[in-house]
Amino acid sequence: MKRIVVKWNYYIVGKPDIENASLGQQNLNHAYVVDVTFYTDQGDTLALTGMSVNAQALLLALTHWHYPVSLERSNKLAMPIMVHVRIGAVIAVIGVILASLIKYF
């Protein structure tokens with residue numbers, strides 16, 4: 001293994017509370033792995049997306065076994081799987097509503 005490059009970015013959980021900002025932060029920034037790329041001595045590379053990997057467990061294992069891991073901040077938007085599921089659910093609901101409107105009118 002020549003090196004491992006982990007690209008990450010933040011995603012925000014919760015909604016900002018402007019009125020009570022002095023009481024505490026209502027939204028939380030969570031680090032999320034966007035891409036993991038493995039570079040080998042033979043020149044081969046293996047890239048994994050953040051959705052296909054348990055990032056915390058992978059990074060813990062790699063650092064435990066002293067692999068050459070480098071972390072890089074990415075400009076890519078970190079969208080965990082729940083965001084994709086919610087987007088799909090909203091599109092499905094809109095499709096059902098449109099289909100029922102077309103059927104009854």
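1. A convenient place to enter this predicted model is Thr45, which is exposed, with a relative accessible area of 51%; the cut-off for that class is over 50%, and the residue therefore counts as exposed. Thr45 belongs to strand S3, which covers residues 45–49. Setting aside neighbours within four places in sequence, the residues in contact with Thr45 are Thr37, Phe38 and Tyr39. Thr45 and Arg3 are separated by 42 residues in sequence, while their C-alpha atoms are 9.9 Å apart in space.

2. Thr37, one of the residues that Thr45 contacts, has its place in strand S2, and with a relative accessibility of 15% it counts as buried. When residues up to four places away in sequence are not counted, Thr37 touches Arg3, Ile4 and Val5, and also Thr45, Leu46 and Ala47. Strand S1 spans residues 3–13, and strand S3 spans residues 45–49, so that a reader who wishes to follow the contacts of Thr37 can look for them in these two ranges.

3. Arg3 and Tyr39 deserve a separate remark, since the charged end of Arg3 sits over the ring of Tyr39, at 4.2 Å from the centre of that ring. As for pairs between aromatic rings, a search of the whole structure finds zero of them.

4. It may help to set these details against the chain as a whole, whose secondary structure comes to two helices and four strands, arranged along the sequence in the pattern β-β-β-α-β-α. The chain has 105 residues, of which 18% count as buried, and its accessible surface comes to about 8,200 Å², with 62% of that area belonging to carbon and sulfur atoms. Among the contacts in the chain with a separation of 6 or more, 58% are accounted for by residues 24 or more positions apart.

5. Which residues make up the largest nonpolar core? There are seven of them, namely Ile4, Val6, Val33, Val36, Phe38, Ala55 and Leu62. Strand S1 (3–13), strand S2 (28–39) and helix H1 (55–64) each supply at least two residues of this core, and the largest share, three residues, comes from S2. In soluble globular proteins, nonpolar side chains tend to be buried together.

6. Two members of this core can be described further. Val33 lies in strand S2 and counts as buried at 8% relative accessibility; its C-alpha atom is separated by 6.1 Å from that of Ala55, a residue 22 positions away along the chain. Leu62, for its part, is in contact with Ile4, Tyr67 and Val69 once its neighbours within four places in sequence are left aside.

7. Is Ser74, in the loop between strand S4 (69–73) and helix H2 (81–104), buried or exposed? Ser74 is buried, because its relative accessible area is 12% and the cut-off for burial is under 20%. Leaving aside neighbours within four places in sequence, Ser74 is in contact with Lys7, Trp8 and Asn9. Ser74 and Val6 are 68 residues apart in sequence, yet the distance between their C-alpha atoms is 9.3 Å.

8. Two other loop residues are exposed. Gln42, in the loop between S2 and strand S3, counts as exposed at 65% relative accessibility, and its C-alpha atom is separated by 8.9 Å from that of Met1, which is 41 residues away along the chain. His66 is found in the loop between H1 and S4 and is exposed, with a relative accessible area of 70%; the phi angle of His66 is near 60 degrees, a positive value in a residue other than glycine.

9. A closing caution concerns confidence, since everything above is read from a predicted model. The mean pLDDT of the chain is 79, and 74% of its residues reach 70 or more. Confidence is lowest in S2, at a mean of 80, and highest in S4, at 89. A reader should keep in mind that S2, where confidence is lowest, is also the strand from which the largest share of the core comes.

Terms used. Residues are numbered from 1 along each chain as its sequence is written. Side-chain values use heavy atoms; hydrogens and water are left out. A nonpolar core is a set of buried Ala, Val, Leu, Ile, Met, Phe, Trp, Tyr and Cys residues joined through side-chain atoms within 4.5 Å. Buried means under 20% relative accessible area, exposed over 50%, partly exposed in between (1.4 Å probe, protein chains only). Contact means heavy atoms within 4.5 Å. Rings of Phe, Tyr and Trp (its six-membered ring) pair if their centres lie within 6.5 Å; planes under 30 degrees apart count as stacked, over 60 as edge-to-face and the rest as tilted. A charge sits over a ring if NZ of Lys or CZ of Arg is within 6 Å of the ring centre and within 35 degrees of the ring normal. Accessible areas come from the Shrake-Rupley method with a 1.4 Å probe; for residues, only the protein chains shown count as cover. pLDDT is the predictor's confidence in each residue, from 0 to 100.
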